[in-house]
Amino acid sequence: MPEDSGVIVAGTDLEEGGSEALKQARAWSDRTGAALVACHAVPEPPALDSLLGQLDHTARAALAGVEKRAQTSLKSHVDRLLGAAADVTTVVLSGSPHAALIDEADRRRARLVVVGATRKG
């Protein structure tokens with residue numbers, strides 16, 4: 001990959017709109033030689049009072065479990081859409097999807113961010 005080809009970050013909700021975003025991001029990645037990063041965000045649990053330390057610990061443990069399941073789902077989703085041999089980095093983010101995706105794109109200095117929309121109703 002050329003040194004200046006950069007990174008493309010694609011956000012997916014693991015639904016139809018996110019699937020199309022991944023396909024389009026892959027096409028751009030193939031054309032430009034940019035690395036492809038597929039991201040999925042899980043909500044962050046509400047902050048808990050420090051007096052409830054045990055609950056806070058339980059919430060963190062639950063979030064870790066959710067993130068692990070989300071990583072497995074994201075990897076399966078990417079493999080199904082793009083093929084298991086696809087050179088795609090998968091990342092599960094925590095927090096508000098739009099903010100987490102922009103933060104990840106900034107952190108990676110992405111040249112392009114691709115997202116999709118699922119219209120219901």
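This passage describes the fold, the nonpolar core, the salt bridges and a charged surface patch of a predicted protein model.

The model is a prediction, in which local features require a pLDDT of at least 70 and side-chain atom pairs count only at pLDDT 80 or more, whereas totals for chains, interfaces and linings use all residues. Residues are numbered from 1 along each chain as its sequence is written, and side-chain values rest on heavy atoms, with hydrogens and water left out.

The protein contains three helices and four strands, where helices (H or I, at least four residues) and strands (E, at least two) are taken as DSSP runs and numbered from the N terminus. Along the sequence these elements follow the pattern β-α-β-α-β-α-β. Of the 121 residues, 34% count as buried; buried denotes under 20% relative accessible area, exposed over 50%, and partly exposed the range in between (1.4 Å probe, protein chains only). The accessible areas themselves were computed by the Shrake-Rupley method with a 1.4 Å probe, and for residues only the protein chains shown count as cover.

The largest nonpolar core, a nonpolar core being a set of buried Ala, Val, Leu, Ile, Met, Phe, Trp, Tyr and Cys residues joined through side-chain atoms within 4.5 Å, comprises 18 residues, and Leu-36, Val-78 and Val-88 have the most contacts inside it. Two or more residues of this core are supplied by each of strand E1 (7–11), helix H1, strand E2 (35–42), helix H2 (53–82) and strand E3 (88–94), with H2 giving the most, namely five residues. Strand E2 also holds His-40, which counts as buried because its relative accessibility is 13%. The C-alpha atoms of His-40 and Val-92 are 5.0 Å apart in space, although the two residues are 52 apart in sequence.

Side chains of opposite charge can pair when their charged atoms come close. Four salt bridges occur in the structure, a salt bridge being a side-chain nitrogen of Lys or Arg within 4 Å of a carboxyl oxygen of Asp or Glu. One of them joins the side chains of Lys-75 and Asp-79, with an N to O distance of 2.9 Å; these residues are four apart in helix H2, so about one helical turn separates them. Both ends of this pair count as partly exposed, Asp-79 because its relative accessibility is 24% and Lys-75 because its value is 35%.

In helix H3 (residues 97–108), Glu-104 and Arg-107 lie three residues apart, about one turn of the helix, and form a salt bridge in which the closest N and O atoms are 2.9 Å apart. Glu-104 also forms a salt bridge with Arg-108, the closest N and O atoms here being 2.5 Å apart, and these two residues, four apart in H3, are likewise separated by about one helical turn. Glu-104, Arg-107 and Arg-108 are thereby linked in a network of salt bridges. Within this network, Glu-104 is buried at 6% relative accessibility, Arg-107 is exposed at 56%, and Arg-108 is partly exposed at 27%.

On the surface, Asp-13, Glu-15, Glu-16 and Glu-20 gather in a patch of negative charge. Such patches are made of residues with over 30% relative accessible area and no salt bridge, like charges being joined within 9 Å and nonpolar side chains (Val, Leu, Ile, Met, Phe, Trp, Tyr) within 5 Å. Of the patch members, Glu-16 belongs to helix H1 (residues 16–32) and counts as exposed because its relative accessibility is 66%.

Terms used
Lys and Arg count as positive and Asp and Glu as negative; His and the chain ends are not counted. The place of a charge is taken as NZ of Lys, CZ of Arg, CG of Asp or CD of Glu.
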